[in-house]
Structures are given as C-alpha cells and as structure tokens.
Amino acid sequence: MPSSLQVALHNDSTTDQIWAYITGISLQENSGQRCVLKPDGHSLYFPQDPPAIGTPLAEDCAIPLGPPGNTVTVTIPQIAGGRIWIARGKKLTFLLNPGPALVEPSVLNPSDPNADVDFAFAEFTLNDAQLYANISYVDMAPALPIAISLKEPNGSQQDVAGMAPDGIEKLAADLRKQEEQDGKPWSKLIVEKEGKIIRVLNATHGGAVGADFSDYFEPYVEEVWQKYSSGSCCKIDTQAGPGVLEGKVTSSGKLRIGEEEFDKPNTNDILGCNSGPFTTGENQTRNAIIPRLAAAFHRTALLNCEHHPSEPSTFFSHDPTNHYARLVHVHNVDRKGYAFAYDDVQPEGGEDQSGKVNAGDPVLFTVSAGGESAGKSGGNGNPALQQDAGNGNSGGGGGGGGGYDRAPPPPPPANDGAQEGGYDRPPPPPPPGSGGLRDRVKGFAGKFMK
C-alpha cells in the first residue's frame, strides 16, 4: 500500500466556477489530527485551536478546477474519514470551533454559511490496507453530480458513474409524483434556491425541512411480524462465523434470529439503521445480524423473500418503502450509490449497489464533478478516468507513489449554537474478508477521536 496517492480532480461541468477541498484525519504527519489539503496540492494544513466558536480558517484551502474539461492532479497522504468536497458557483466556508474542531458544511442547519451553496462530496479512507471510496447519498442527493474511478496497477479500472446533469431534476419530479400517490411529504425533501434545486435530502433528515415521516414504516413492520409469527422463517446470512441463522417471531413478540432477539423497529430506527434494535454493541453475532436485518427492513424486502441479504429485484417493491433511496438508484446512470447506512449489504457474489471503489494497490483515484460525461463510453466517459498517474494539470503537488460492509456515516453533529460540525467520522472498514460489521471500525477510529 503506498504512503500517498495521486488524485485527479476533473471538471466535468460547464463552468469554471468550481473548487475542490480535501479534508480528513491524518494518519502520518500529526497522526490523528484533522487536516485540510492546501491549494499547492500536496501540503497539509492543520487547524490550530481557535479563540472562539465559528472562527474562519487561517488559510483558504480551495483548489480551483479550472475550465470545463480540465483536470487538476494532487497528491494525498494516508487519510482516514476523508471527504473530497466540490462546490459550484460559490466557494465553501469551513470554520473552526475550540478543540480544534473543523466545522464542515451542513445541509441541515439553515444558519450554516453553506446552506445555499451547490456542493457535493465523495468519501474515502486511504490507509495501510487500502483505498476505499464511495459517492454518498446518505445525507442528500446533490445537484452537482459526482463520479469516481479507481485505476489499479494491472490497468483495470473501477467506475461509479453518478448522475447525469439533469439527474436531480428527475429525482425531484419523481418524488413529487410519489407524494401525489401516497400523500407523504416527499416534495419537502427538495431544497431550492431562487427556483433552482440545489439538493434533495434523505428522508432520514426529513425533520430538518418539516417532512414528517413518523409512523411511516409501522404498518410494514406489523406485516413482517405477522408473517414470521405464523410459520414462516427468515434466514439471515451473517456472512461471518455464525453462518446462516433462522428467524421467527416468538410468543413473547420478539423476532428471534439464532439466539438473538429483536424488538419491532420504528420508522426512525429503519431510516437511520443505528437505533433501537439496530444498535450495535459487544455481541459480535448480533452485530453480524444487524446490517443484514436493517438493510432488509430499509429495502422492504422481508415480505418478498425469506433469505437475506437478497437480490436487488426484491428491493423497494413493497409500500411503504424509502422512495428517496429507491429513486436515487433509479437516477444514477449505473444505479449505484450509497443511499442509506447499510446500502453495501449484498449477497455473496452479488453486484455492488453502493457506489464504492476499493483496492489495496491503487494507482490513480479520480473524482469527476458535473456529470456531463456520465454514462458515456470509456467507463464514465471522462477523459480524466483514462489518464495515467502523473498526467493532467498539476495543482502543484509532488508525485506520489469484494463486497463488505462499510461503516455508515454518523448522525449529524449537535448544534453548538453557531454551526453544526466539529466531529470525526469513523473510517471505512478493513479489507474484504474481515467480517463486515459497522462497529468493527471502532477500535481503529477510537485512536483518533480522543
């Protein structure tokens, strides 16, 4: 695994008013500290403890991507919990709280200075084991499409196409149609600025925009409980040591899977996948069940089939379901995207749905913003995705040398009275084959969160 990696930042939009920012937790220099890549494309800026809440950064870390079609190549060291942010039309504002805590852009806080900025991001971790990256829709679907690509030494390439430029409009239109059908507040998830859509929030965050989904999934849960208390048996493949475990509803009203018992989840539990019966802990067998069970509830697949994880044909086909997540997949060119916390759960040998790339020996990681080439020939169709490491316009940086469960992003940070933010996110998990549990990253991440 290289100690650094070249990252190609490709402007696949129609404007030159577009900038990138790279943030994360340093694993080498000043290990465990929050860092931001400087505009020279290779140096790291480590924020110092500020005198007050909401202090501006001492440096402008925006990396201009140049005119449409241009590619800027930078070099990153090993970083955990990283994000590559792209802003269009207006720069992002990052602030500091005492700690220091980096206040990242929030789509849930209306007082955030970035609330009206058109921005998107890809998530990544580069460590001793691998590069793992994905395009995330867990919080929102941005108007600015993001695509990613990863090139390996043998010339093979992993591509995630993202949305086309009009993808957000199509997503919004279908959510409005869904609201006409079921009367639920799907349209309230659409965030507009001066008549233009800038993002669509996940239903998980509906409360931030007055979209009340309380009691939404409860009728479905009752149907599931009825099915598995009347003779049917679900089978959960833990894809780990415990193997396949059978589940039925007991006379006490619990869903018993193997030796583990689960209460009925409510709507918030299903949308967030990290509360109620889906709270992980010290019991590793239970922790192995939770991602598969939570995903089956979120995808409303438990009535369609009894073996889980199940195939995509069983997803989102039973109302009520998370139509945001369903439509996010519909409107991504390759139908890939991380639409909820356990969207990487899949059968053994199944095709990834989550929009991730990963490799232990990456050569070039490309993030493309704008979607103009989405779905065209040559992977995503972006010239940057075909280039060799070292090609393209340099941002001044020096040269750089299977399916599993990813840790879901955390809940939004608490409002400190000024801005939301200042939190460390857990890095993605170890390489495939290590057991695939959300909280198996706790030991690794804990070193950097004290």
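Select cysteine 61 in this predicted model. Cysteine 61 is buried, at a relative accessible area of 3%; buried means under 20% relative accessible area, exposed over 50%, and partly exposed in between, with a 1.4 Å probe and protein chains only. Its closest cysteine sulfur belongs to cysteine 35, 9.9 Å away, which is too far for a bond. Cysteine 234 is the next stop: its relative accessible area is 1%, so it is buried. The closest cysteine sulfur to that of cysteine 234 is in cysteine 233, at 6.0 Å, again too far for a bond. A search of the whole structure returns zero disulfides, a disulfide being a pair of cysteine sulfur atoms within 2.5 Å.

Some conventions apply before going on. Residues are numbered from 1 along each chain as its sequence is written, side-chain values use heavy atoms, and hydrogens and water are left out. As this is a predicted model, local features need pLDDT of at least 70 and side-chain atom pairs count only at pLDDT 80 or more, while totals for chains, interfaces and linings use all residues.

Now colour by pLDDT, the predictor's confidence in each residue, from 0 to 100. The mean for the protein is 86, and 83% of its residues reach 70 or more. Over residues 378-450 the pLDDT is below 50, although this stretch has 212 contacts in the model beyond near neighbours in sequence; contact means heavy atoms within 4.5 Å. Where pLDDT is low, the predicted coordinates should not be read in detail.

Zoom out to the whole chain. Of the 450 residues in the protein, 58% are buried. About 16,500 Å² is exposed, with carbon and sulfur atoms supplying 47% of it; areas come from the Shrake-Rupley method with a 1.4 Å probe, and for residues only the protein chains shown count as cover. The secondary structure comes to six helices and 25 strands. Helices (H or I, at least four residues) and strands (E, at least two) are DSSP runs, numbered from the N terminus.

Select isoleucine 63, in strand E6 (residues 63-64). At 1% relative accessibility, isoleucine 63 is buried. Not counting residues up to four places away in sequence, isoleucine 63 touches nine listed residues, among them Leu9, Trp19, Pro39 and Val74. Glycine 41 lies 22 residues from isoleucine 63 in sequence, and their C-alpha atoms are 7.8 Å apart.

Move to glycine 82, in strand E8 (residues 79-88). Glycine 82 is buried, at 1% relative accessibility. The C-alpha atom of glycine 82 is 8.9 Å from that of alanine 133, which is 51 residues away along the chain.

Next, show the open sheet of three strands ordered E5-E9-E10, with antiparallel pairing. Two strands pair if DSSP finds at least two bridges between them. Strand E5 (55-56) and strand E10 (101-103) are the edges, each pairing on one side only. Strand E9 (residues 95-97) is joined to E10 by three bridges, and asparagine 97 has alanine 101 in E10 as its bridge partner.

Which way do the residues of strand E14 point? Ile146, Ile148 and Leu150 point one way, Ala147, Ser149 and Lys151 the other, and all are buried. Six of the six residues of E14 (residues 146-151) are buried, so this strand is largely enclosed by the rest of the structure. E14 runs antiparallel to strand E24 (residues 364-369), with six bridges between them; serine 149 stands opposite threonine 366 in E24. E14 also runs antiparallel to strand E15 (residues 157-160), through four bridges, and leucine 150 has glutamine 158 in E15 as its bridge partner. The hairpin of E14 and E15 has five residues between the strands, and glycine 155 there takes a positive phi near 90 degrees.

Display the largest nonpolar core, which has 110 residues; Ile148, Val200, Phe297 and Phe365 have the most contacts inside it. Helix H4 (residues 284-298) gives the most to this core, with seven residues. A nonpolar core is a set of buried Ala, Val, Leu, Ile, Met, Phe, Trp, Tyr and Cys residues joined through side-chain atoms within 4.5 Å. Centre on valine 200: leaving aside neighbours within four places in sequence, its contacts include Met140, Ile168, Leu189 and Tyr324.

From Tyr324, extend the selection to helix H5 (residues 323-331), where seven of the nine residues are buried, so the helix is largely enclosed by the rest of the structure. The buried residues of H5 are His323, Tyr324, Ala325, Leu327, Val328, His329 and His331. They pack against strand E13 (140-142), helix H1 (167-182), strand E17 (196-201) and H4.
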